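Please open the model in the viewer and display it as a cartoon. The tour below proceeds from the whole chain to individual residues.

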Amino acid sequence: MTTPADTPAQDAFPAGPKPGDRTVTFLENPIVDQMLRAMVTLTMELSVTRERMRAMEQVLEAQGLAVASGIEDLTLSPEEDDARRAMREKLIADVLGPIIERLEKA
Amino acid sequence: MAQNETFTARDFAFTPNHDETARQNFIGGFKKFINFDVEAALDRRFDATLAPAYEAEHGAPPATRKEAVAAVENDPLFQTWSALTFHSQNLMWDAVQDTTDRIIDDRIETYRALRDARPAGGSVTLRDDLVVRAPVSTTEIHRQPGGYWRERRADDIEQGLNYTGTVELYRSAKGMSARGSLEKDTLGQFVAEVAQRRAPDLVPARVLDMGCGTGEQTHAYKKLWPEAEVTGLECARPLVRFAHGTAEANGLAIDFVEANAADTGLPDESVDFITSIIMFHETTAAQTQEILKECWRLLKPGGLVLHLDVPYHAHRIPLIKQATNDWQVRHNGEPFWTGFVELDMMAELTRAGFDPDHAFADYESAGAATYFFFGGRKP
């Protein structure tokens, strides 16, 4: 079998199909539909984070570090406190932002 | 990327990191919950509430797919099932894309090295003259963003990585490890078993796997018949490349060709065993006839055609499943599903030239799963 060059010119790439509609909703109230999805997404991230934390504690405990008690004894610096606040506020905006956006355009 | 042109399967694999694995496993678990728990609740609600309500209104219980859809479409549980199913698909494609974005440059480099070195001795043939027509070429099957065809960079294999990532995700949904080294060609092994049962005397010298996609199932045929010339046919270029890279990285000499299954360009009576796995329900009913004709033309006397596909024929599945399938057709990237299951496959085979005395269209089970098998032998 022959093997022709399989590197077409960059401009020869097909455009591909149009992206599907990922925002269509199915419940009577589209906001409730979006909230249901947001809840699942959040639950997913919580699950990922829990697994990460467990992995981290297991790795560190295996290296002889008393992580669980160390966390309880930790005192936050003002900078760390600010960083955590910013993270928290971004998360809130990420969760509620799409709903507000949709209501704004409705 | 592997050094010194020594490759392992992992060099070319879809390899989610810790958090990506946790996310993909969650989505697998979420899908499992929808498919089992939510659908079981919907099933019970259909029998206990929705079908009786339909009967009270219409004087007779729902008896067809259309009537079942009418019975469920305004029900909040059905709508919630729809929303959750739709979201699980969005989450799935986003999650595998994260992994792909992180590894794509390395895997393309590895693909080029594998293609140039051909450590297993297989080949890849890309054909610029191939024209795949709409609606096949324009449909995002399973709502995969960009479909099977999208290319965004030279030697692109992105869509192959994404597709194979979802296969891993489904494996984890069934409780298998997403990062382990479990065999990935179990469906191909099952097809080969069925082939051996239906044609015990057949030791194929040439095998053709149509619509092979990312090509993992094709591995089973090369492993079972190492002396055979095994060809994987696929019409989406990123998948053809990915299939070639994967086979080479796994040490299997398989030839992958970018081609239409209805017009393969192979000689008459040149193949002993022709197969496909869940290809037909992703093409049009009209194309099905063309592909079957091509299979009969290619088949050697004594050879076997054996295609596996979805078993969702109306007489086999409950009305509520017909209603959820109807939704999958309309909203979840399965536009050809209904057309496929409504075909009279024995009539299609006969019309395509198959000998009716040696053709079949029936069902086989592997564990809890049942599949539709059709094809025939050439006397």
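Select chain B: with 379 residues, a compact globule would have a radius of gyration near 21 Å, and chain B agrees because its own value is 21 Å (taken over C-alpha atoms; the globule rule is 2.2 Å times the number of residues to the power 0.38). This is a predicted model, in which local features need pLDDT of at least 70 and side-chain atom pairs count only at pLDDT 80 or more, whereas totals for chains, interfaces and linings use all residues. Residues are numbered from 1 along each chain as its sequence is written, and chains are lettered from A and ligands numbered from 1 in the order in which they are written.

Along its principal axes, the C-alpha trace of chain B spans about 70 × 55 × 35 Å. Colour chain B by secondary structure to display 11 helices and eight strands (DSSP runs numbered from the N terminus: helices are H or I, at least four residues; strands are E, at least two).

Next, select strand 5 of chain B, residues 271–277. Seven of its seven residues are buried, so strand 5 is largely enclosed by the rest of the structure (buried: 20 or more other C-beta atoms, placed from the backbone, within 10 Å of the residue's own).

Add strand 2 of chain B (residues 206–210), which runs parallel to strand 5 and is joined to it by four bridges. Here B:D209 stands opposite B:T275.

Then add strand 6 of chain B (residues 299–309), which pairs with strand 5 in the parallel sense over six bridges (pairing requires at least two DSSP bridges). Label B:S276 and its bridge partner in strand 6, B:H307.

Methods:
Buried ≥ 20, exposed ≤ 12 C-beta atoms within 10 Å, placed from the backbone.
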